[in-house]
Amino acid sequence: MYGLVNRALQQLVCTSKGEDTWRQIRQQAGVEDEVFMRMDSYPDEMTYRLMHAASDVLDTTVPALLREFGRYWTRYTLVEGYGAMLHDLGPTFQEALTALDSMHARVSLLYPSLKPPMFRVTDVTPDSMRLHYYSKRSSLGPMVHGLIEGLAERFGIVIDVVHVYAKDDTHDHDRFDIRILGSLSDAA
Ligand code: HEM
């Protein structure tokens with residue numbers, strides 16, 4: 001995966017737990033790179049190793065860490081200068097979900113060897129929808145769970161997400177059922 005992803009994990013750990021914890025994670029994962037170049041491609045396996053080591057050192061599970069990472073990603077991409085892409089996703093949360101593929105198509109103009117995910121939105125009602133996530137990769141469903149939550153936060157809404165199933169022998173993709181519960185301002 002592109003270095004942007006490993007950098008985001010590094011940033012997440014360093015801001016919440018400090019540089020020493022990141023060094024420990026890197027050592028446990030057997031990763032020598034002190035800096036990841038955002039536009040360079042790194043083996044997927046390195047990202048998976050870092051995620052596993054981080055979950056171990058932080059005493060959490062890989063799915064829980066991936067979900068937190070997904071939530072963090074929407075904030076991180078803003079800081080890294082991709083705010084316009086997130087903004088252009090559309091004026092509503094529902095529209096943003098349907099525009100994820102075209103957004104990644106734009107990302108691949110900058111990152112030509114991108115292996116982007118694919119999404120399909122079905123069963124739309126004013127306050128619910130299903131998101132289907134297709135990927136060449138495995139086990140990243142919890143990250144999408146967090147990404148959906150991070151996106152909802154950006155739109156100032158409160159949602160409930162159920163990860164109905166993950167890609168396995170019987171399903172070729174992950175499915176998420178999403179319900180919009182209200183706006184963040186209602187909750188305040
Ligand atoms: C402006 C914001 C975003 C940028 C710049 C961005 C960019 C990227 C990049 C560089 C990768 C690595 C892929 C590779 O190296 O092959 C990636 C992966 C991914 N992105 Fe985005 N992304 C953004 C927002 C989102 C959002 C909002 C979602 C929401 C669901 C999302 C879902 C994913 C997933 C699931 C992957 C993992 C790849 C896979 O499943 O195979 N991204 N993205």
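**Exercise 1. Surface and charge**

Task: Determine how much accessible surface the chain has and what share of that surface belongs to carbon and sulfur atoms.

Solution. In this predicted model, the accessible surface of the chain comes to about 10000 Å². Carbon and sulfur atoms contribute 53% of that surface. As a further step, consider the charges: the chain carries 19 positive and 26 negative charges. Their mean positions lie 2 Å apart.

**Exercise 2. Overall dimensions**

Task: Establish whether the radius of gyration of the chain agrees or disagrees with that of a compact globule.

Solution. Begin with the chain length, which is 188 residues. A compact globule with that number of residues would have a radius of gyration near 16 Å. The chain has 17 Å, and therefore the value agrees with the globule estimate. The extent of the C-alpha trace along its principal axes is about 50 × 40 × 35 Å. Finally, turn to the contacts with a separation of 6 or more: 60% of them join residues 24 or more positions apart.

**Exercise 3. Secondary structure**

Task: State how many helices and strands the chain contains, and in which pattern they follow along the sequence.

Solution. The count gives eight helices and four strands. Read along the sequence, these elements are arranged as α-α-α-α-α-α-β-β-α-β-β-α.

**Exercise 4. The nonpolar core**

Task: Identify the residues with the most contacts inside the largest nonpolar core, and the helix that supplies its largest share.

Solution. Of the 188 residues in the chain, 46% are buried. The largest nonpolar core comprises 55 residues. Inside this core, the most contacts are made by Leu50, Phe69, Phe93, Ile148, Ile159 and Ile178. Helix α4 (residues 62-87) provides the largest share of the core, namely nine residues. For Phe69, the contacts beyond four places in sequence are Val5, Ala8, Leu9, Leu12, Met51 and Met143.

**Exercise 5. Two polar side chains**

Task: Decide whether asparagine 6 is buried or exposed, decide whether histidine 145 is buried or exposed, and list what each touches beyond four places in sequence.

Solution. Asparagine 6 is located in helix α1 (residues 3-17). Its relative accessible area is 1%, so asparagine 6 is buried, the cut-off being under 20%. Asparagine 6 touches Phe36, Tyr42, Met46, Thr47 and Leu50; Leu50 is also one of the core residues with the most contacts.

Histidine 145 belongs to helix α7 (residues 141-154). Histidine 145 counts as buried because its relative accessibility is 9%. The residues that histidine 145 touches are Arg67, Val161, His163 and Phe176, again leaving aside those up to four places away in sequence.

Definitions and conventions: Residues are numbered from 1 along each chain as its sequence is written. This is a predicted model: local features need pLDDT of at least 70, side-chain atom pairs count only at pLDDT 80 or more; totals for chains, interfaces and linings use all residues. Side-chain values use heavy atoms; hydrogens and water are left out. Helices (H or I, at least four residues) and strands (E, at least two) are DSSP runs, numbered from the N terminus. The radius of gyration is taken over C-alpha atoms; the globule rule is 2.2 Å times the number of residues to the power 0.38. Buried means under 20% relative accessible area, exposed over 50%, partly exposed in between (1.4 Å probe, protein chains only). Contact means heavy atoms within 4.5 Å. Accessible areas come from the Shrake-Rupley method with a 1.4 Å probe; for residues, only the protein chains shown count as cover. Lys and Arg count as positive and Asp and Glu as negative; His and the chain ends are not counted. The place of a charge is taken as NZ of Lys, CZ of Arg, CG of Asp or CD of Glu. A nonpolar core is a set of buried Ala, Val, Leu, Ile, Met, Phe, Trp, Tyr and Cys residues joined through side-chain atoms within 4.5 Å.
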